[in-house]
Structure formats: C-alpha cells, structure tokens
Amino acid sequence: MPVKILMVCLGNICRSPLAEGILTSKLPNTFMVDSAGTGSWHLGHSPDKRSIAIAKKNGLCIDTQRSRQFKAADLDEFDYIYVMDNSNYRDVINLAKTPEHKNKVQLILNELFPDENVDVPDPYFGVPNGFDTVYQMLDEVTDIIAKKLIEKHP
Ligand code: 4NP
C-alpha cells in the first residue's frame, strides 16, 4: 500500500494542484499524492492556467489534474493531509471525528516555520507575482516534507 498524502486548498485549482505536482516530483512511487479543495465551485476543472504555466516553467506538468472537493472520508483514506491556509485548516478539522484524524492534518508551512501558522497566500484574485511566490514557498517546504517522508517510510 502506498503512503497517501493529500494537499488541500480552497478551490483545488491554484495552490494544492501545484503542491501535488511538486511533491509528487520529489517522491518515489511508493508514495501517492492527491489534492482537493474545501469549496465546490470548480469541480472537474483543470488547474488555473497560471498554475499550469508556473509548473511548466519549472519542468512540471499538472495539466491532467481535475478539481475535486475534500470529503470526510479523506480523513480515513489519507495518511498525511497538508492544508494551505488557516481557513482550510478549520474547514478540514471540523470534519475530523477522532484524535487520529486531527493528527493527520498539518498547516503546510508549519513544516518550514514551526508553530507560526503562516498561510500559503491565495493567489487566485491576482497579486503581482502571486503564483511565483506560491511556487517558491511550496518548492521549499516540499523539500522538507519529502525528506521527512522518505526517512519515515524508507
Ligand atoms: P486555490 O485558489 O484555493 O488556491 O485553488 C482559489 C481558487 C478559486 C477560488 C478561491 C481560491 N474561488 O473563489 O473561486
């Protein structure tokens, strides 16, 4: 059975598809990485074209991903659940029924800045360089996550 990691944001079209693509590229195929959104506006949609573009610029193809909504069963199915911001954290934790579920959920940048509760900013409504910033943050933190996961599940 592969170790299963889920990346979660709001729309599952900007941040978590990038997080999925970047982490997948850093792990062997004994790991399975997926992503989901807490919202339902973009079900079945491809990633935002700006996420596709920044991924491509960095040698990654995320075009075939399709948006889906986070569901309570994901808390059973996945071993690690990384959320992009504090609002995603609240939404996911609200569906957690057991301490085991709660322990699976981590604010992703806490792996880089422990206990600081920093958000990966939502780039959807467009601040300049928003997607570059998100890519850099996710690239940096997934280095740490991949190293930890590989050490823990050799
Ligand atoms: P994401 O960005 O959560 O990084 O995928 C968003 C995409 C769409 C919306 C919000 C955030 N939206 O409101 O439609």
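A polar contact is a pair of N or O atoms within 3.5 Å, and this cut-off is the one to keep in mind for the views below, which show a predicted model.

**View 1. The ligand and the residues that surround it.** The shell around the ligand consists of Cys9, Leu10, Gly11, Asn12, Ile13, Cys14, Arg15, Trp41, His42, Asp122 and Tyr124. Sorted by character, these shell residues comprise 6 that are nonpolar, 3 that are polar and 2 that are charged. Backbone atoms of three shell residues reach an oxygen atom of the ligand: a polar backbone atom of Gly11 is 2.8 Å from such an oxygen, a backbone N or O atom of Asn12 lies 3.3 Å from one, and for Ile13 the corresponding distance is 3.0 Å. The protein buries 92% of the 360 Å² that the ligand exposes when taken alone.

**View 2. Asn12 and its side-chain partners.** Asn12, whose backbone was described in the previous view, belongs to the loop between strand 1 and helix 1, and with a relative accessibility of 2% Asn12 counts as buried. The side chain of Asn12 makes a polar contact of 2.9 Å with the side chain of Ser16, and another polar contact, also given as 2.9 Å, joins the side chain of Asn12 to that of Ser35.

**View 3. Strand 1 within its surroundings.** Strand 1 covers residues 3-9, and because 7 of its 7 residues are buried, this strand is largely enclosed by the rest of the structure. In a regular strand, side chains alternate between the two faces of the sheet. Here Val3, Ile5, Met7 and Cys9 point one way from strand 1, while Lys4, Leu6 and Val8 point the other way, and all of these residues are buried.

**View 4. The strands that pair with strand 1.** Strand 1 runs parallel to strand 2, residues 31-37, and 7 bridges join the two; within this pairing, Ile5 stands opposite Val33 of strand 2. Strand 1 also pairs in the parallel sense with strand 3, residues 80-83, over 4 bridges, and in that pairing Leu6 stands opposite Ile81 of strand 3.

**View 5. The connection from strand 1 to strand 2.** Together with helix 1, which spans residues 15-26, strand 1 and strand 2 make a right-handed β-α-β unit. Ala36 lies in strand 2, and its relative accessibility of 0% places Ala36 among residues that count as buried. Although Ala36 and Ser16 are 20 residues apart in sequence, their C-alpha atoms are 7.0 Å apart in space.

**View 6. Two residues with positive phi in one loop.** Most residues other than glycine have a negative phi. Asp115 nevertheless has a positive phi, near 65°, and this residue lies in the loop between strand 4, residues 105-107, and helix 6, residues 130-152. Asn117, which is not a glycine either, has a positive phi of about 55° and is likewise found in the loop between strand 4 and helix 6. As for their exposure, Asp115 has a relative accessibility of 71% and therefore counts as exposed, the cut-off for that class being over 50%, whereas Asn117, at 42%, counts as partly exposed.

Technical notes
Residues are numbered from 1 along each chain as its sequence is written. This is a predicted model: local features need pLDDT of at least 70, side-chain atom pairs count only at pLDDT 80 or more; totals for chains, interfaces and linings use all residues. Side-chain values use heavy atoms; hydrogens and water are left out. A residue is near a molecule or strand if one of its heavy atoms lies within 4 Å of it. A polar contact is a pair of N or O atoms within 3.5 Å; within protein, one must be able to donate a hydrogen and the other to accept it, and residues adjacent in sequence count only if both atoms are side-chain atoms. Accessible areas come from the Shrake-Rupley method with a 1.4 Å probe; for residues, only the protein chains shown count as cover. Ala, Val, Leu, Ile, Met, Phe, Trp, Tyr, Cys and Pro count as nonpolar, Asp, Glu, Lys and Arg as charged, and the others, Gly among them, as polar. Buried means under 20% relative accessible area, exposed over 50%, partly exposed in between (1.4 Å probe, protein chains only). Two strands pair if DSSP finds at least two bridges between them. A crossover is right-handed if, with the strands pointing away from the viewer, the path from the first strand over the helix to the second runs clockwise.
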